[in-house]
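This briefing is for a reader new to the structure below. It starts with the cysteines and then turns to the fold, a ligand site and one aspartate.

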Amino acid sequence: MAYTYLAKLSPRQKMWFMVSVVAALLISVLGILCEPDTPGQAGNQFTVNMSIREIAPKLGVTGKGLARELALPLDTPKKKPLNELGISQEQLEHATAHILSHRSTGLKYYLFAAIVLFGLVYLTRFGRPDNANISERKLWYPRIPYIVYLLAAVLVCGFVLGKSPNPMEGTVKVFKSMVGLYPSMTSKLLALVFFVVLAIIGNKLICGWACPFGAMQELGYSLPILRKMKRWKAPFWLTNTIRGGLFCVVLLFLFGIVGGRKGFVIYHYLNPFNLFNLDFDHWLILVTVIVSLTLAFFIYRPFCHLICPFGFVSWIAERFSLTRVNIDHEKCTNCGLCIKACPTQAAKGRVLDKLFGADCFSCARCLNVCPQDAIQYGSVFSKTSCEIPPKQRTSEK
Ligand code: SF4
Ligand code: SF4
């Protein structure tokens with residue numbers, strides 16, 4: 001099937017296909033080669049004879065940030081040696097290793113951008129051969145390139161380069177810097193802007209194609225098992241209420257409005273990205289990973305829909321997406337095939353033209369099922385790009 005599809009591409013499309021693949025691979029290799037020093041190496045130089053004030057700047061956090069990692073109150077004296085504060089060497093090493101595991105490998109940002117770029121080019125240009133015949137629509141948007149990029153996201157953006165940066169932490173760190181846990185809010189804000197811009201360039205493409213934990217869930221759901229259970233779709237109003245409600249609760253605790261413990265981050269106990277460092281410093285993290293990945297075999301991206309703060313932020317940002325699934329309402333006959341193909345209620349939202357429909361992860365499942373050729377992935381400014389002659393459309397009916 002992949003061969004048939006590739007054979008149908010024009011020479012120009014083939015060239016751009018290869019250029020996108022090679023560019024993305026080169027950027028990925030560059031990212032791996034330029035990884036900064038590994039966690040642990042830098043952490044060994046600290047001892048409990050040192051004070052918070054001496055250690056924190058070298059770890060890139062504030063005194064409050066280090067105090068929080070050491071489970072000390074945020075207003076702990078920062079000039080006292082740690083052994084006088086009752087901290088053991090083991091506790092210090094554990095805290096520094098955790099802080100260093102958040103150190104960003106800068107070029108991972110380029111890798112995220114490369115995958116999103118490829119996804120965008122694939123969805124807008126290469127997923128469907130030029131002059132495609134509607135009767136052959138099952139050949140459009142073959143899954144193989146998508147699966148390959150999901151695997152790259154899991155392996156390279158996840159296990160090879162480690163958990164940070166990632167979109168979830170990109171969101172949370174902005175709020176953590178607001179309560180003084182990081183020295184610079186600007187860099188954290190820029191990281192979040194980076195992820196949101198990627199979500200806007202292509203509708204949630206950063207989640208749908210590049211996020212390593214999102215990719216693991218997508219791969220699990222893509223396995224051809226438990227098909228009957230997959231027919232059930234969680235009600236979006238419910239999942240989104242849980243996700244948004246949790247976000248608000250997290251902020252109330254983080255700012256100390258509830259609980260009186262400023263700097264307390266509930267997401268820390270629910271962060272599945274720790275999987276990529278094999279760092280389960282709380283049993284709840286392991287439970288989150290196992291439950292999310294198990295449910296993902298029959299529920300589409302449970303972690304994204306129920307917990308992830310970036311999932312919530314990017315769902316809001318979807319309103320401003322520059323490219324997305326577009327439905328031509330003049331051609332649409334409400335046959336419901338795209339709604340059936342969609343693993344969420346996103347296609348239903350598009351058909352009904354809802355402003356606040358469910359998240360669309362740009363997974364392309366709906367793009368090759370429409371018998372009226374009413375669905376296109378493209379710019380919001382030009383809703384149709386591949387017109388099929390009316391005569392052919394009629395014969396399809
Ligand atoms: S919503 Fe899912 S895909 Fe998006 S950042 Fe969160 S975990 Fe990753
Ligand atoms: S199938 Fe649903 S989630 Fe996937 S691209 Fe279509 S509308 Fe979006």
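Across the whole structure, which is a predicted model, a search finds 0 disulfides. The points below take up two of the cysteines, the overall make-up of the protein, the shell of ligand 2 and the setting of Asp279.

**Cysteines**
- Cys211 has a relative accessibility of 8%, so this residue counts as buried, the cut-off being under 20%.
- Cys366 counts as buried because its relative accessibility is 10%.
- Cys366 is also one of the residues around ligand 2.

**Overall make-up**
- The protein contains 19 helices and 2 strands.
- Of its 397 residues, 52% are buried.
- Counting contacts between residues at least 6 apart in sequence, 78% join residues at least 24 apart.

**Around ligand 2**
- The surrounding residues include the cysteines Cys342, Cys360, Cys363 and Cys366.
- Also around ligand 2 are Val325, Pro343, Ala346, Ala347, Phe361, Ser362, Ala364 and Arg365.
- Sorted by class, this shell has 10 nonpolar residues, 1 polar residue and 1 charged residue.

**Asp279**
- Asp279 sits in the loop that runs between helix H13 (236–254) and helix H14 (283–295).
- Asp279 is buried but has no salt bridge.
- The nearest side chain of opposite charge to Asp279 is that of Lys163, 4.5 Å away, whereas a salt bridge requires the charged atoms to be within 4 Å.
- Apart from neighbours within four places in sequence, Asp279 is in contact with His98, Ser101, Lys163 and Asn274.

Conventions. Residues are numbered from 1 along each chain as its sequence is written. Chains are lettered from A and ligands numbered from 1 in the order in which they are written. This is a predicted model: local features need pLDDT of at least 70, side-chain atom pairs count only at pLDDT 80 or more; totals for chains, interfaces and linings use all residues. Side-chain values use heavy atoms; hydrogens and water are left out. A residue is near a molecule or strand if one of its heavy atoms lies within 4 Å of it. Ala, Val, Leu, Ile, Met, Phe, Trp, Tyr, Cys and Pro count as nonpolar, Asp, Glu, Lys and Arg as charged, and the others, Gly among them, as polar. Helices (H or I, at least four residues) and strands (E, at least two) are DSSP runs, numbered from the N terminus. Buried means under 20% relative accessible area, exposed over 50%, partly exposed in between (1.4 Å probe, protein chains only). Lys and Arg count as positive and Asp and Glu as negative; His and the chain ends are not counted. Contact means heavy atoms within 4.5 Å. A disulfide is a pair of cysteine sulfur atoms within 2.5 Å.
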